[in-house]
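User: I'd like to go through this one with you, question by question. Please set out the ground rules first.

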Amino acid sequence: MTEPGQSPENPWPVRAVATRVAKWIDRLGVVWVEGQLTELKVRPDSKTVFMVLRDPAADMSLTLTCPRDLVRNAPVKLTEGTQVIICGKPMFYTGRGTFSLRVNEIRAVGIGELLARIDRLRRLLDAEGLFDQRLKRPIPFLPNTVGLITGRASAAERDVTTVATTRWPAVRFAIRNTIVQGPNAVPQIVEALAALDAMPEVDVIVIARGGGSVEDLLPFSDETLCRAIAACRTPVVSAIGHEPDNPVCDLVADLRAATPTDAAKRIVPDAAAEQALIADLHRRSARALRNWVHREKHHLDQLRSRPVLAQPLATLTARSDEIHRARATAQRDITRLINAESETIGHLSARLTTLGPAATLARGYAVVQSVPEDGAPTVLRSVTDAPSGTRLRVRVSDGVVTAVSEGEEESTPGSSA
C-alpha cells in the first residue's frame, strides 16, 4: 500500500496539505524585504491592514499583513508608491490557503539611500556607454508626428501640446497617457514607448512629467525604463520635472529638456520666428547683392576713368613723340660729333701735310742721295760724302733727276755759307 498523498487511491485531505505547508513555511523565520507599496487596504472594522509590496524592477509582488497601529505609527506616511523596507515572517493561512508576510516592522527608504542607488545606476549605465554623446540621434527639424507619453489630463500634456501647436499649427501628436509615478508607472511607460517606437509616422518621442520629489521621480531613474529608451530607434526627448530635477533617463535620452514647455520649443520650430528669419535673410541677401553690385559698378567706373582705358592711344602718342624727339636729338648729336671729328681730322691732316717731306720739297728743297755702284742710295749729308765723280740722285717736288758731283765748290768772298 502506498504512502498517503502518493497515489489517487490514498490522497491527503486539504487540511493535511495546508497544515504541512504552513509548518514548512513557519520554519523560514523572519526576513527583511524592500519594495514599493501598491495597495493599502485599511478596513474600519478590522485591526489588520492588507498591503501589496511590489518589486519595481520585475512584475512580482507579495501580500503583506500588519497591525493597524504599525501603519499609523510608521516613520513615513504610507501611500501607494512609497518605497519601504519591512521585516516580516512568512505565513501560510490554512483557512484560505494564502501566503503573506506578517509585518512587525516598517522602515522608510531614506532620500540618501535612494540617491545612492540612483548614483550607482548612473555609473553603471555610463560605464556601458549609454550616455555617450556619439550615440545621440538628432531631433528632426520638422517632425511628421510627435509621440507624447505623459499623465492623463496633466499640466505637462497641456504645456507640450499648447506650446507646440502655437509654434507650429500643423504639428500632429500621438499621445499615450500613462501613470507617471508609483510602482505601475515603469511598465506602462515602457509599453507606451515600445508602441510609439513601432509607429513609422512618429519621428520623435517626448516623455513629459511635471516636477516632483525624489520619490515621485523614481520611475524615471529605473533601469528598465532607461534601457528601453536607449533601445529605441526613434529619438527620445526627456522632459521630466523642472530645472533642478535630473533623473537618469535625462542622460540616456537623445535630448534633455528642462521642462515640458522647453521640450515643445525644441521639437518643433516657431513658424512666426522662421518666417521672420526668412524675411530677414531675404532683406539681408538683397542688401548684400545691391551693395555688391554697387561696389562692382564703382570699381568698373574707376577702371573706365583711368587714362589707359579712357584714352588708350594717348600713351602710345606720348611715347611716339618721345621717340621722335629722342631720335632727332640722337641724329643731331651724331651729326655734331661727326662734324667735330671731321674738322679735327682736317686740322690734323693739314698739320701732317705741313710737317711732311712733300711740303718741304714743294717749298724748293730737294733730297740728294749718293748712288754707289753697288749698294743702296744714301742721303747726302756732307760734301765729303760726294767727291768728284759721285753719282747723285736728286729728288725734287715733282720728280727725280740724276747728276754727277764735280767735287766741293770753293767758297768765294761775299758768298753765304
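Analyst: Two strands pair if DSSP finds at least two bridges between them, and a strand here is a DSSP run of E with at least two residues, numbered from the N terminus. This is a predicted model, in which local features need pLDDT of at least 70 and side-chain atom pairs count only at pLDDT 80 or more, while totals for chains, interfaces and linings use all residues. Residues are numbered from 1 along each chain as its sequence is written, and side-chain values use heavy atoms, with hydrogens and water left out.

User: Thanks! Which strand pairs with β3 in the parallel sense?

Analyst: Let's look at strand β3 from both partners. With strand β2 (residues 48-55), β3 (residues 60-67) pairs in the antiparallel sense over eight bridges, and T48 stands opposite P67 there. The parallel pairing of β3 has two bridges, with L64 opposite L101, and the partner is strand β5 (residues 98-108).

User: How many bridges join β4 to β5?

Analyst: Strand β4 (residues 83-93) also pairs with β1, in the antiparallel sense over six bridges, and V33 has I86 in β4 as its bridge partner. On to β5: K89 has R102 in β5 as its bridge partner. β4 and β5 run antiparallel, and the number of bridges joining them is 10.

User: Which residue takes a positive phi in the hairpin of β4 and β5?

Analyst: The hairpin has four residues between the strands. One residue in this hairpin has a phi near 65°, and that residue is G97.

User: How is the protein chain divided into domains?

Analyst: The bounds come from an automatic or database domain assignment. That gives two stretches for the protein chain: domain 1 (14-109) and domain 2 (130-272).

User: How far apart are the C-alpha centres of these domains, and how many residues does each give to the contact?

Analyst: The C-alpha centres of domain 1 and domain 2 lie 36 Å apart. For contact, meaning heavy atoms within 4.5 Å, domain 1 gives nine residues and domain 2 gives seven.

User: Which three residues supply the most of the area that domain 1 buries against domain 2?

Analyst: Buried area is the accessible area (1.4 Å probe) that two parts lose on being put together, summed over both. Domain 1 and domain 2 bury about 530 Å² between them, with 52% of it on carbon and sulfur atoms. Of the area that domain 1 buries against domain 2, 55% comes from three residues, more than from any other three: Q36, R54 and P56.

User: How many salt bridges and polar contacts are counted between the two domains?

Analyst: For a salt bridge, a side-chain nitrogen of Lys or Arg must be within 4 Å of a carboxyl oxygen of Asp or Glu. For a polar contact, a pair of N or O atoms must be within 3.5 Å; within protein, one must be able to donate a hydrogen and the other to accept it, and residues adjacent in sequence count only if both atoms are side-chain atoms. Across the interface of domain 1 and domain 2, the number of residue pairs in polar contact (both at pLDDT 80 or more) is zero, and the salt bridge count is also zero.

User: Which strand gives the largest share of the side of domain 1 that touches domain 2?

Analyst: That share is three residues. It comes from strand β1 (residues 31-42).

User: What is the strand order in the open sheet of five strands, and which are its edge strands?

Analyst: The order is β7-β6-β8-β9-β10, with parallel pairing. Strand β9 (residues 236-240) pairs with β10 over two bridges, and V237 stands opposite L255 in β10. Each edge strand pairs on one side only, and the edges are β7 (173-177) and β10 (255-256).

User: Which edge strand of the open sheet of four strands pairs with β13?

Analyst: The sheet has the order β12-β11-β13-β14 with antiparallel pairing, and its edges are β12 (378-379) and β14 (399-404). Two bridges join β12 to β11, whereas four bridges join β11 (residues 367-370) to β13. R391 has V404 as its bridge partner, and the edge strand pairing with β13 (residues 391-396) over six bridges is β14.
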